[in-house]
Amino acid sequence: MYEPGLKLAPAGALITESPLRDLEAILRSRTPLIAVESNEEPEIVSLVRRIGQRLQLKTFRWTVTEGLRAFEPADQPRESVVTSQQLLTYIRSSASYALFVLLDFHPYLQDPVHVRHLKDIALAYPKHFSTVVLVGPTLVVPEELRPFTGWFRLPLPTQEQLRAIVFDVAAEWAAAHGRPGVQTTQKVLDLLVRHLAGLTATDARRLAFKAINDDGVISEADLPEVTRAKYELLGRDAPVAFEYETARFSEVGGMRRLRQWLEARRSFFLGASQPGLEPPRGLLLLGVQGCGKSLAAKAAAGVFGVPLLRLDFGVLYNKYYGETERNLRKALETAEVMAPCVLWLDEIEKGLAVGEEDDGLSRRVLGTLLTWMAERRKPVFLVATANDIARLPPELVRKGRFDEIFFVDLPSAENRREIFRIHLSKRALPETEFDLDELAAATEGFSGSEIEQVIVSAIYTAHAQGRRANHADVLAEIRATRPLSVVMAEQVAFLRAWARERTVPCD
Ligand SMILES: Nc1ncnc2c1ncn2[C@@H]1O[C@H](COP(=O)(O)OP(=O)(O)OP(=O)(O)O)[C@@H](O)[C@H]1O
Ligand SMILES: [Mg+2]
């Protein structure tokens with residue numbers, strides 16, 4: 001819980017020395033034009049103003065609506081300088097040792113007359129030592145001006161600054177609502193701050209406000225909304241999907257060992273450390289189709305309590321052919337910005353299959369992925385899933401790439417019983433009306449997905465007769481089903497034999 005009345009410095013005052021030094025260095029290197037791509041206008045303006053004071057330069061701000069204003073009354077232009085033409089004429093004729101921040105100038109960068117003016121200003125720099133700072137969300141600097149332009153980036157807030165932003169927003173909210181403070185726990189606060197990483201101060205402020213504003217409490221329930229909004233703010237066109245639904249292990253039949261494995265590593269993934277222990281990095285789930293690999297990937301995100309991003313390798317290849325590597329890199333970058341998160345690489349064999357004639361593309365994609373896996377610094381937990389081990393490149397399966405390779409086998413009788421229970425209850429069918437032992441015994445060789453299917457089919461059949469599905473309906477559907485493990489007995493046997501030597505069972 002926050003101390004009542006705790007009030008931290010507003011985010012604008014949080015600019016540390018480093019951006020100040022960077023921008024000053026650009027200015028001191030006698031750069032006539034400085035381009036700053038950013039939405040953080042107040043921060044940039046206050047930064048420029050502080051540098052102006054330090055270097056004893058006259059400092060001005062120009063906007064389309066207010067025209068040119070000096071920060072010091074003594075520097076105020078005598079005539080009124082409003083339009084962009086007036087502005088440029090003023091800079092060319094009257095200014096020396098001055099610093100101009102232009103906030104709405106980016107549309108004029110496409111106009112030849114404006115470009116000419118700016119170029120003349122740049123060329124005259126050795127005479128009057130005035131610098132123009134262009135600020136805009138996106139800036140297209142024309143060819144002619146590039147040799148005179150230095151680029152500056154406002155660094156993203158650090159964890160400490162983000163924490164201060166949250167405190168700041170909380171204090172504002174509490175003051176505005178006449179409350180002593182905003183409630184949260186240390187754990188939730190830490191997670192919120194982690195999830196705000198990668199955002200600008202303005203965006204972080206907005207999301208923190210959203211988390212607080214509904215009820216004046218920052219609780220665990222606010223976090224999914226924060227991560228979702230963050231994902232949308234990033235607005236990336238990378239081929240990763242934000243999975244809104246993660247799962248709980250209570251929805252998964254079996255996989256006890258996998259669940260314990262994940263639970264034991266949860267706190268280490270979220271930042272706890274212990275000498276000699278590496279943070280968990282990822283696992284590979286191999287297994288029989290329809291036995292719950294995708295479900296387990298979702299449950300991993302559920303156990304860690306972090307967002308789930310899904311990268312579909314089939315889509316990466318087909319839709320983005322020709323840009324596959326770039327898109328993989330973008331996807332991995334997005335995951336790092338969203339960290340801590342789980343990145344689910346679904347059907348990984350589709351993208352990395354060996355021995356196909358694809359002019360080395362899958363090799364390069366594999367290289368990109370392996371390099372990233374070895375070098376990643378952010379808490380991005382990989383869950384890769386695959387059915388077809390014969391198509392997986394050996395490098396990927398080699399020891400040390402993943403923390404563990406789990407095998408998701410056909411469910412045992414006990415697990416089938418549990419899967420029946422889960423899916424009957426999902427569809428509001430009381431388990432007491434079913435003989436779960438008999439159903440489990442009758443479904444030897446069925447996958448979880450096939451068990452779900454027989455329940456669904458039984459419900460349809462019964463519904464057509466105007467009644468609720470019962471035990472006999474489900475049994476009848478079971479008898480009418482030929483499970484994949486029978487149809488594809490050879491492949492399943494091969495997979496199991498392969499897995500026995502090289503993987504750990506999920507149960
Ligand atoms: N162990 C299980 N417990 C509960 N439900 C399961 C289980 N296995 C499968 N199911 C059900 O079957 C559906 C399909 O399973 P899932 O997509 O996770 O399998 P998969 O192994 O990823 O299959 P594929 O190889 O086809 O991608 C799940 O959404 C779930 O409803
Ligand atoms: Mg799947």
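## Strands at the start

Two strands count as paired if DSSP finds at least two bridges between them. The strands themselves (E, at least two residues) and the helices (H or I, at least four residues) are DSSP runs, numbered from the N terminus. With that in hand, here is a pairing to look for: strand E2 (residues 58-63) runs parallel to E4, and 5 bridges link them. One place to see this is Thr59, which stands opposite Leu99 in E4.

Before going further, please note that this is a predicted model, in which local features need pLDDT of at least 70 and side-chain atom pairs count only at pLDDT 80 or more, while totals for chains, interfaces and linings use all residues. Residues are numbered from 1 along each chain as its sequence is written, and chains are lettered from A and ligands numbered from 1 in the order in which they are written.

## Strand E4 and its surroundings

E4 has a partner in strand E5 (residues 131-136) too, with parallel pairing over 4 bridges. Here Val101 has Val133 of E5 as its bridge partner.

Is E4 buried or exposed? A residue is called buried if 20 or more other C-beta atoms lie within 10 Å of its own, exposed if 12 or fewer do, and partly exposed in between, with C-beta atoms placed from the backbone. For strand E4 (residues 98-102), 5 of the 5 residues are buried, so the strand is largely enclosed by the rest of the structure. In a regular strand the side chains alternate between the two faces of the sheet. In E4, Ala98, Phe100 and Leu102 point one way, Leu99 and Val101 point the other way, and all are buried.

## Two helices to visit

Helix H2 (residues 41-55) has 15 residues, and its end C-alpha atoms are 21 Å apart. That agrees with the expected 21 Å, at 1.5 Å a residue; the expected span is 1.5 Å times one less than the number of residues. The buried residues of H2 include Glu43, Ile44, Leu47, Val48, Ile51 and Gly52. An α-helix has 3.6 residues a turn, so residues three or four places apart point the same way. Just after H2 comes Gln56, with a positive phi near 55 degrees.

Further along, Ala170 belongs to helix H6 (residues 159-176). Ala170 is buried, as 26 other C-beta atoms lie within 10 Å. Between the C-alpha atoms of Ala170 and Arg468, which are 298 residues apart along the chain, there are 52 Å.

## Domains and the ligand

Which domains does the chain have? They are domain 1 (17-152), domain 2 (159-235), domain 3 (249-408) and domain 4 (413-487), with bounds from an automatic or database domain assignment. The centres of domain 3 and domain 4, taken over C-alpha atoms, are 31 Å apart. Across this pair, 8 residues of domain 3 are in contact with 10 residues of domain 4, contact being C-beta atoms, placed from the backbone, within 7 Å. The side of domain 3 that touches domain 4 has 2 nonpolar, 5 polar and 1 charged residues. Here Ala, Val, Leu, Ile, Met, Phe, Trp, Tyr, Cys and Pro count as nonpolar, Asp, Glu, Lys and Arg as charged, and the others, Gly among them, as polar.

Where does ligand 1 lie? Domain 3 and domain 4 both give residues to its shell, so ligand 1 lies between them. There are 18 residues around ligand 1, and Gly292, Lys293, Ser294, Gly448 and Ser449 come nearest; a residue is near if its C-beta atom, placed from the backbone, lies within 6 Å. Helix H11 (293-304), helix H17 (413-426) and helix H19 (448-464) each supply at least two residues of this shell. By type, the shell divides into 6 nonpolar, 10 polar and 2 charged residues.

## A seven-stranded sheet

An open sheet of 7 strands with mixed pairing follows the order E7-E9-E10-E11-E8-E12-E13. Strand E7 (240-243) and strand E13 (504-505) stand at its edges with a single partner strand each, so one side of each has no neighbour in the sheet. Inside this order, E10 and strand E11 (residues 380-386) pair in the parallel sense over 5 bridges, and Trp344 has Val383 in E11 as its bridge partner.

## Backbone details

Most residues other than glycine have a negative phi, and most peptide bonds are trans. Ala339 and Pro340 are joined by a cis peptide bond, with omega about 5 degrees; Pro340 sits in the loop between helix H13 (324-338) and strand E10 (341-346).

Phe129, in the loop between helix H5 (125-128) and E5, has a positive phi of about 55 degrees. Phe129 is partly exposed, with 16 other C-beta atoms within 10 Å. Glu347 has a positive phi of about 50 degrees and is found in the loop between E10 and helix H14 (349-352). Glu347 counts as buried, with 20 C-beta neighbours inside 10 Å.

Conventions. Two residues are in contact if their C-beta atoms, placed from the backbone, lie within 7 Å.
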